[in-house]
Amino acid sequence: MNHFEIIDHTADIGIIAHGKDEKEVFATAAYAMFSLIAELDGVSDAICRQIEVSADDKEALLVAWLNELLYLFDVEHVIFNGFEVINLEEHRLRANAYGERFDPLRHQLKTQVKAATYHMLKVEKGNGFRAQIIFDV
Amino acid sequence: MSKGMEEMPRWEGKLTKIDDYRWQIEKDYKPGMRVPGLIYADEHMLKVIQEEQAPEQVANVAFLPGIVGKSLAMPDIHWGYGFPIGGVAATEVDEGVVSPGGVGFDINCGVRLLRTNLTEGQVKPKLERLLSQLFVNIPSGLGSEGRIRLREKEIDKVLIEGAAWAVRHGYGEEEDIELTEERGCVRGADPGLVSEKAKKRGVPQLGTLGSGNHFLEVQVVDEIRDPIVAEAFGIEEVGQVLLLIHTGSRGFGYQVCDDYLKTMGAAVRNYNISLPDRQLACAPVKSPEGKAYLAAMACAANYAWANRQCISHWARECFANVFSKSAKDLGLRLIYDVAHNIAKIEEHKVNGRRLRLCVHRKGATRAFPAGHPDVPARYHDVGQPVLIPGDMGRCSYVAVGTEKAMEETFGSTCHGAGRVQSRSEAKRRLRGVDIAKQLEGKGIMVMAASRSSLAEEASEAYKDVTEVVHITDGAGISHTVAKARPIGVIKG
């Protein structure tokens with residue numbers, strides 16, 4: 001779980017998430033994104049949000065999933081650090097995300113991530129599964 | 001968990017030198033390009049630009065249906081998602097497309113500059129108090145929420161009216177509107193075409209600076225290069241204090257962009273548009289999708305203008321408190337407010353024909369010359385002020401639009417310094433360095449919501465903005481008027 005690399009370009013930051021299946025890749029991508037946003041050690045799983053998103057294809061579904069999480073972070077100020085992808089089809093994803101409301105006294109924020117983009121977006125099968133995504137930061 | 005880095009290869013494509021400041025990517029560089037690309041740079045800057053794939057992105061933008069002239073790159077160009085940052089692309093309204101990626105997520109991210117009657121000598125002794133006041137009264141940082149409590153449906157009025165909404169509610173003066181690009185309001189905004197999600201993000205964030213590269217800066221005029229134009233702008237002497245505000249449409253704009261990228265993904269298939277990059281997704285300007293995006297983008301642009309308008313009102317209050325004089329007596333007048341991430345419907349002359357164009361400026365500033373009807377009456381004889389912020393450790397420039405920009409760049413020029421170092425590279429190199437202390441050594445006081453964002457935005461991560469304006473001056477697409485250096489910075 002949570003095996004990922006950071007792609008580091010001048011203007012924006014990206015990640016490559018690995019997993020034994022696509023569900024794990026999607027969960028890891030979300031974890032990687034929140035690890036850019038905040039220091040995740042010490043963030044509890046007191047809050048659970050059920051998330052359902054749909055999109056035209058698998059890649060777009062990854063963007064929709066990550067941007068839904070960013071939306072919740074922006075509106076509810078929840079830092080998520082646990083992700084359970086329950087169901088993943090070509091056009092639809094259902095998942096639970098666990099985390100805690102941001103507390104400026106205990107949590108350290110790192111980089112503002114504005115959005116997940118479609119640029120150089122990939123979800124592919126190779127040696128296991130992997131996904132590549134670039135963020136606007 | 002591993003944290004390997006993937007290096008981006010150098011761009012090895014061919015460039016044709018037109019003159020010392022212009023480099024062309026020929027139309028046959030790759031099949032699908034409809035027009036050539038043109039990069040404004042000198043030899044030195046060009047080397048920096050070729051270090052990454054930004055020129056490839058200039059070539060990719062040339063694929064957009066209906067693009068006219070050239071796919072342009074300002075000297076502060078750097079690699080972005082989809083469009084390069086520092087890119088300008090104009091498409092024909094009748095035949096061409098509009099692309100949300102050509103505007104970006106932070107719709108109407110922009111800059112506003114205010115002048116004062118104060119001098120450095122008067123401000124320096126009270127600088128700490130001033131910055132503390134600004135820091136407390138202008139919400140900044142991730143997740144910050146504004147002081148404005150919008151009633152339900154009130155946000156729709158913000159989205160339709162822009163800066164005027166703020167002024168009507170007591171945040172500023174009528175004159176501010178005259179001195180804002182587009183009078184702080186893109187017409188055609190339709191809140192009905194904006195998602196509930198966008199509004200939910202927008203309501204609490206109105207009147208916040210945000211984080212990332214957004215900031216508020218107390219500056220001192222360091223050099224006046226064109227005294228006549230400077231005086232018209234209200235910049236009278238070296239040592240005069242200015243206030244710069246850099247922010248945009250916050251979560252509202254990000255959501256609008258995300259929503260419409262989905263719409264455009266489907267549109268690309270419906271209209272059989274072939275593109276080298278999904279992030280360039282677009283639809284004909286006159287299609288239902290294109291019109292809907294422009295109406296929603298207008299909402300976000302107007303939100304950003306209202307946002308900067310509210311922030312400047314509080315900033316004026318802070319100055320008034322600290323210097324025990326009214327903002328009016330302190331001469332805190334708006335010089336100008338420019339958008340640097342936006343798409344605008346404008347009329348331009350292309351090959352001798354007047355055309356209605358959709359001009360995408362992503363990390364580029366409008367730079368209209370003297371006499372243009374869209375330049376405020378006050379600046380009619382000198383031209384539109386262009387605001388070019390640098391990084392927090394160096395300086396910023398005020399320039400003015402030119403005829404040359406109208407001829408060549410659809411009335412556009414650069415928007416800032418442009419990154420040369422990634423955020424994590426900056427953090428890595430500056431590990432253990434106390435940036436705030438380092439800046440203090442240069443006479444710059446900093447207050448930041450997050451230490452981490454401070455390292456990401458350090459001078460080392462940016463091109464030297466002085467080199468950038470040297471090129472825009474040399475190419476003639478804007479004309480430098482004055483230079484200012486920061487003495488106090490508020491960072492989100």
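The contact between the two chains takes 45 residues from chain B and 33 residues from chain A. On the chain B side, four helices each supply at least two residues: helix 8 (196-205), helix 10 (250-270), helix 13 (423-429) and helix 15 (451-456). Helix 10 of chain B gives the most, with eight residues. By class, the side of chain B that touches chain A has 14 nonpolar, 17 polar and 14 charged residues.

I should state plainly that this is a predicted model. For the complex, the predictor gives an ipTM of 0.94 and a pTM of 0.96. Chain B has a mean pLDDT of 93, and 98% of its residues reach 70 or more. One stretch calls for separate mention: over residues 1-6 of chain B, pLDDT stays under 50. For those residues the model has 11 contacts beyond four places in sequence.

Let me turn to chain B as a whole. Its secondary structure comes to 16 helices and 19 strands. The C-alpha trace spans about 65 × 60 × 50 Å along its principal axes. Does the radius of gyration suit a compact globule or an extended chain, and what value is found? For 492 residues, a compact globule would have a radius of gyration near 23 Å, and the 21 Å of chain B agrees with this. Of the 492 residues of chain B, 62% count as buried. Among contacts in chain B with a separation of 6 or more, 77% come from residues 24 or more positions apart.

Next, the sheets. Chain B holds an open sheet of seven strands, in the order 1-2-3-4-5-13-12, with mixed pairing. Its edges are strand 1 (16-19) and strand 12 (341-350), each of which pairs on one side only. From one strand to the next, the twist averages 25°. At the strand 1 edge, three bridges join strand 1 to strand 2 (residues 22-25) of chain B, and the two run antiparallel. Within this part of the sheet, B:D19 stands opposite B:R22 in strand 2.

A further pairing in chain B involves strand 15 (residues 385-388) and strand 16 (residues 396-400), which pair in the antiparallel sense over four bridges. Here B:P385 stands opposite B:V400 in strand 16. Which way do the side chains of strand 15 point? B:P385 and B:L387 point one way, B:V386 and B:I388 the other way, and all are buried.

Technical notes. Residues are numbered from 1 along each chain as its sequence is written. Chains are lettered from A and ligands numbered from 1 in the order in which they are written. This is a predicted model: local features need pLDDT of at least 70, side-chain atom pairs count only at pLDDT 80 or more; totals for chains, interfaces and linings use all residues. pLDDT is the predictor's confidence in each residue, from 0 to 100. Two residues are in contact if their C-beta atoms, placed from the backbone, lie within 7 Å. Two strands pair if DSSP finds at least two bridges between them. Axes are lines fitted to C-alpha atoms, for helices over the stretch in contact, and angles run from 0 to 180 degrees between N-to-C directions. Ala, Val, Leu, Ile, Met, Phe, Trp, Tyr, Cys and Pro count as nonpolar, Asp, Glu, Lys and Arg as charged, and the others, Gly among them, as polar. A residue is buried if 20 or more other C-beta atoms lie within 10 Å of its own, exposed if 12 or fewer, and partly exposed in between; C-beta atoms are placed from the backbone. The radius of gyration is taken over C-alpha atoms; the globule rule is 2.2 Å times the number of residues to the power 0.38.
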